[in-house]
Amino acid sequence: MKLARTSLRTMVLVLVFLPFGQSSMATSQTDDFPKHLLGQWSGEGRSMGMDSRPRMSWERVLADKFVHLHFRNEMKNAQGKTEVFEGHAYYKTIGAAKFSGNWFDSGGAAHPIRAVFENNVLTALWGTEETQMGRTIYRIVNDSSVEIVDSVRLNDGTWREFSRTLLKRI
């Protein structure tokens, strides 16, 4: 009987304090994500040889277990028509300032992502050796500006930049 009471008491304590433990675990998984990037951004730049007007938003989602990036870029082609490129990514903290994720875009691409954050720069390596390897650098310029530089890796291992934009916090 004494064992049953002890087990019951332990179970009650676990049930009472479990929600608090889960809450702190959920937020700690994204605590390392660069808080400065969270929010809404808009800017200008050059992408794929065209003038561009990118917008992005970063937000915590799915019980704070992931950070969602929504990126949209409107580019003016040589004929003056607007081309739109859009993508979504979900990032998850996997270690101190290290993240994994997945990218999906309007071109039909889906890429795994590995990213690190150091010295105010989030560097995201995306793709696979079998498909295409790319790199996106999100450089925090100041409290209200972020520069994004996108590159693809060429066969010789060098990087070719295809987009450079500067975004301001909205």
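1. In this predicted model, Arg139 stands opposite Glu147 in strand S9. The two strands S8 and S9 run antiparallel and are joined by eight bridges.

2. That pairing is part of a wider arrangement, in which 10 strands close into a barrel in the order S1-S2-S3-S4-S5-S6-S7-S8-S9-S10, with antiparallel pairing. On average, and with direction ignored, neighbouring strands of this sheet are turned by 25° against each other.

3. The largest nonpolar core has 23 residues, and those with the most contacts inside it are Met56, Trp58, Tyr91 and Tyr138. At least two residues of this core come from each of S2 (50–61), S3, S4, S5 (98–105), S6 (110–118), S7 (121–127), S8 (133–142) and S9. In soluble globular proteins, nonpolar side chains tend to be buried together.

4. Tyr138 deserves a separate entry: leaving aside neighbours within four places in sequence, Tyr138 is in contact with residues including Met56, Trp58 and Tyr91, and the contacts of Tyr138 also include Glu147, the residue that Arg139 stands opposite.

5. Ser151, found in strand S9 (residues 145–153), has a relative accessible area of 4% and is therefore buried, the cut-off being under 20%. Not counting residues up to four places away in sequence, Ser151 touches Trp126, Gly134, Arg135, Trp159, Arg160, Glu161 and Phe162.

6. Asn77 lies in the loop between strand S3 (66–76) and strand S4 (82–95), and, because its relative accessibility is 16%, Asn77 also counts as buried under that 20% cut-off. With residues up to four places away in sequence not counted, Asn77 touches Met50 and Glu83.

Key
Residues are numbered from 1 along each chain as its sequence is written. This is a predicted model: local features need pLDDT of at least 70, side-chain atom pairs count only at pLDDT 80 or more; totals for chains, interfaces and linings use all residues. Side-chain values use heavy atoms; hydrogens and water are left out. Helices (H or I, at least four residues) and strands (E, at least two) are DSSP runs, numbered from the N terminus. Buried means under 20% relative accessible area, exposed over 50%, partly exposed in between (1.4 Å probe, protein chains only). Contact means heavy atoms within 4.5 Å. A nonpolar core is a set of buried Ala, Val, Leu, Ile, Met, Phe, Trp, Tyr and Cys residues joined through side-chain atoms within 4.5 Å. Two strands pair if DSSP finds at least two bridges between them. Axes are lines fitted to C-alpha atoms, for helices over the stretch in contact, and angles run from 0 to 180 degrees between N-to-C directions.
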